[in-house]
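User: Got a minute to go through this one with me? I'd like to start with the helices and then get to the ligand.

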Amino acid sequence: MQNLLIQGPSQIAGSVYISGSKNSALPILSATILCTSPVVIQKVPHLKDVTTMLSLLSNMGMTFSIDHELNVFVENSTLSKLEAPYDLVKQMRASVLVLGPTLARYGYAKVSLPGGCAIGTRPVDQHLKILCELGAEVKVEDGYIVATTKKLIGAEVKFDRETVTGTENILMAACLAQGKTVIHNAACEPEVKDLADFLNSMGAKIQGAGTSTIEIVGVSELGGGAYSVIPDRIEAGTLLIAAVMTQGQIKLIDCIPEHLTSCLEVLKQAGAQIETSDHTVSLKMDRRPKSVSIVTDVYPGIPTDLQAQFIAMNAIAEGASYVEETIFENRFMHVSELARMGAQITLNRNVVHIQGVDSLIGARVMATDLRASAALILAGISAQGVTSIDRIYHIDRGYANIQEKLIKLGASIERKTSKPPHYV
Ligand code: EPU
């Protein structure tokens with residue numbers, strides 16, 4: 001069991017390269033199931049969820065190699081097993097992304113039904129509903145989704161609620177469907193657009209990705225080629241918040257400022273001075289942050305994946321604020337941990353009320369999910385004294401080299417292997 005020991009307070013200062021996006025890399029790797037020629041995917045981030053996706057695809061029969069720059073070469077995408085087993089899906093819900101492409105290419109897919117997770121129940125009913133509307137027969141048997149079809153048929157379909165991986169699953173499936181599919185109420189996140197750009201570069205015919213209506217004209221097969229994943233907007237936002245909390249300055253290199261619009265707006269309201277160019281964001285903070293009340297929303301709103309980090313910022317900001325979570329019903333495990341560090345914070349249903357304190361105090365806390373871990377790390381860097389974060393494996397799932405990056409930016413962080421604590 002590993003934990004992080006953070007000696008605070010430190011000031012975040014310097015330049016940092018932003019890694020490829022986790023939530024783009026996962027669907028793009030999964031989409032290579034549709035490709036019949038070799039594919040090279042560049043800027044794949046080095047993190048545990050990517051390793052889990054590669055294990056799943058390799059378990060299904062794909063072969064890859066990875067070079068020292070983390071380009072993934074898909075040598076043979078032919079699957080010998082059309083099944084995503086429980087053991088892998090339970091490690092990462094995004095494994096459900098193999099459902100759409102496997103069914104579309106092979107007419108059959110068996111994927112363990114993902115269970116709930118720390119942030120919510122997270123059903124996949126919308127993925128299944130739309131696959132049925134494209135002509136699949138879908139059953140749930142012994143905890144597995146079993147989908148079959150002779151051939152998917154394009155149709156006009158509408159999600160009852162926006163779903164990122166749901167849109168991605170249907171986008172991939174519709175690429176090989178017969179005829180035209182129109183998806184209404186599609187998710188507009190940049191990662192959906194990135195997946196569509198990848199698919200188009202492999203020979204798909206998709207228009208409108210990045211808006212709520214996407215049109216796909218089915219093709220008989222996808223080819224191969226090279227594609228580079230977009231930068232990770234959540235990693236970028238997390239590092240910007242770290243600089244704001246520590247009254248530091250930071251330059252993000254290799255990011256897409258447009259994807260950060262809502263985040264930058266919040267940080268400006270908090271008092272940051274921000275300049276952007278085509279692929280960089282420079283931020284300077286020379287005062288204690290001002291509290292900013294926020295409501296999370298689908299893109300281009302404030303991402304739920306930055307909610308925990310903004311709560312950490314408001315915990316040490318001047319004044320009172322609230323943070324309302326509208327995407328996941330239970331994404332608040334960090335609230336009680338931040339309270340252990342001295343945050344004046346209360347949770348009422350899906351709204352967190354915060355009265356900023358001058359400083360947090362280091363404590364032993366527990367990471368409960370990926371973004372909660374990020375919030376605790378930011379809190380630890382800005383706090384007085386030592387913060388020890390248990391169950392830190394969550395952070396390795398979704399941030400590439402976060403410890404090294406933060407140390408280079410001035411944080412004092414050490415990773416320790418310890419005996420597991422006894423939680424009750
Ligand atoms: N939902 C349903 N039915 C469905 C699908 C979704 O009710 O069939 C609900 C969910 O329970 C949730 C809401 O719709 O309340 C939105 O969920 P969505 O499907 O959009 O989430 P996701 O696709 O499972 C992705 C990201 C998450 C990110 C969310 C929201 C990936 C691999 N994961 O999840 O990323 O928080 O979109 O933007 O892309 C993270 O990186 O830490 C993370 C959790």
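Analyst: Sure. Helices here are DSSP runs of H or I with at least four residues, and strands are E runs of at least two, numbered from the N terminus. Keep in mind that this is a predicted model. With that naming, α9 is followed by Gly271, whose phi is positive, near 115°.

User: Which residues of α9 are buried?

Analyst: Helix α9 covers residues 261-269, and its buried residues are Ser262, Cys263, Leu264, Val266 and Leu267.

User: And what covers them?

Analyst: The cover includes two helices, α8 (233-245) and α10 (307-315). Strands β16 (273-276), β17 (280-284) and β18 (294-295) are also part of that cover.

User: OK, ligand time. Which residues come nearest?

Analyst: Thr163, Thr165, Asp305, Ile327 and Arg371 do, out of 21 residues around the ligand. By type, that shell splits into eight charged, seven nonpolar and six polar residues.

User: Which helices supply the shell?

Analyst: α1 (22-31), α5 (125-133), α6 (164-175) and α12 (370-382) each supply at least two residues. α5 gives the most, with three.

User: What about polar contacts to the ligand's oxygens?

Analyst: I can give you three. A polar backbone atom of Ile327 sits 2.6 Å from a ligand oxygen. For Lys22, a side-chain N or O atom is 2.9 Å from an oxygen of the ligand. Asn23 has a polar side-chain atom 3.1 Å from a ligand oxygen.

User: How much of the ligand does the protein bury?

Analyst: The protein buries 89% of the 830 Å² that the ligand exposes when taken alone.

User: Back to Thr163. Is that residue buried or exposed?

Analyst: Thr163 counts as buried because its relative accessible area is 15%, under the 20% cut-off. Thr163 sits in the loop between β10 (156-158) and α6. Its side chain reaches the backbone nitrogen of Gly166 at 2.9 Å. Leaving out residues up to four places away in sequence, Thr163 touches Gln126, His127 and Ala187.

User: Switching topic: how many residues are in the largest nonpolar core?

Analyst: That core has 74 residues, and Met53, Val98, Leu171, Phe198, Leu199, Ile206 and Ile214 have the most contacts inside it. α6 contributes the largest share of this core, six residues. There's also a second, separate core of 71 residues, with Ala272, Ala312, Leu338 and Leu378 among them.

User: What does Ile214 touch?

Analyst: Beyond residues up to four places away in sequence, its contacts include Thr167, Leu171, Val192 and Ile206.

User: Any odd backbone geometry? Where are the cis peptide bonds?

Analyst: One runs from Gly8 to Pro9, with omega near -5°. Pro9 is in the loop between β1 (2-8) and β2 (13-17). Another joins Tyr299 and Pro300, with omega about 10°, and Pro300 lies in the loop between β18 and α10. For context, most peptide bonds are trans, and most residues other than glycine have a negative phi.

User: So which residues other than glycine have a positive phi?

Analyst: Leu70 has phi near 65° and is in the loop between β4 (63-66) and β5 (72-76). Asn185 has phi near 55° and lies in the loop between β11 (180-184) and α7 (190-201).

User: Why does Asn185 count as partly exposed?

Analyst: Because its relative accessibility is 23%, and partly exposed runs between the 20% and 50% cut-offs. Leu70 is partly exposed too, at 29%.

How values were computed
Residues are numbered from 1 along each chain as its sequence is written. This is a predicted model: local features need pLDDT of at least 70, side-chain atom pairs count only at pLDDT 80 or more; totals for chains, interfaces and linings use all residues. Side-chain values use heavy atoms; hydrogens and water are left out. A residue is near a molecule or strand if one of its heavy atoms lies within 4 Å of it. A polar contact is a pair of N or O atoms within 3.5 Å; within protein, one must be able to donate a hydrogen and the other to accept it, and residues adjacent in sequence count only if both atoms are side-chain atoms. Accessible areas come from the Shrake-Rupley method with a 1.4 Å probe; for residues, only the protein chains shown count as cover. Ala, Val, Leu, Ile, Met, Phe, Trp, Tyr, Cys and Pro count as nonpolar, Asp, Glu, Lys and Arg as charged, and the others, Gly among them, as polar. A nonpolar core is a set of buried Ala, Val, Leu, Ile, Met, Phe, Trp, Tyr and Cys residues joined through side-chain atoms within 4.5 Å. Buried means under 20% relative accessible area, exposed over 50%, partly exposed in between (1.4 Å probe, protein chains only). Contact means heavy atoms within 4.5 Å.
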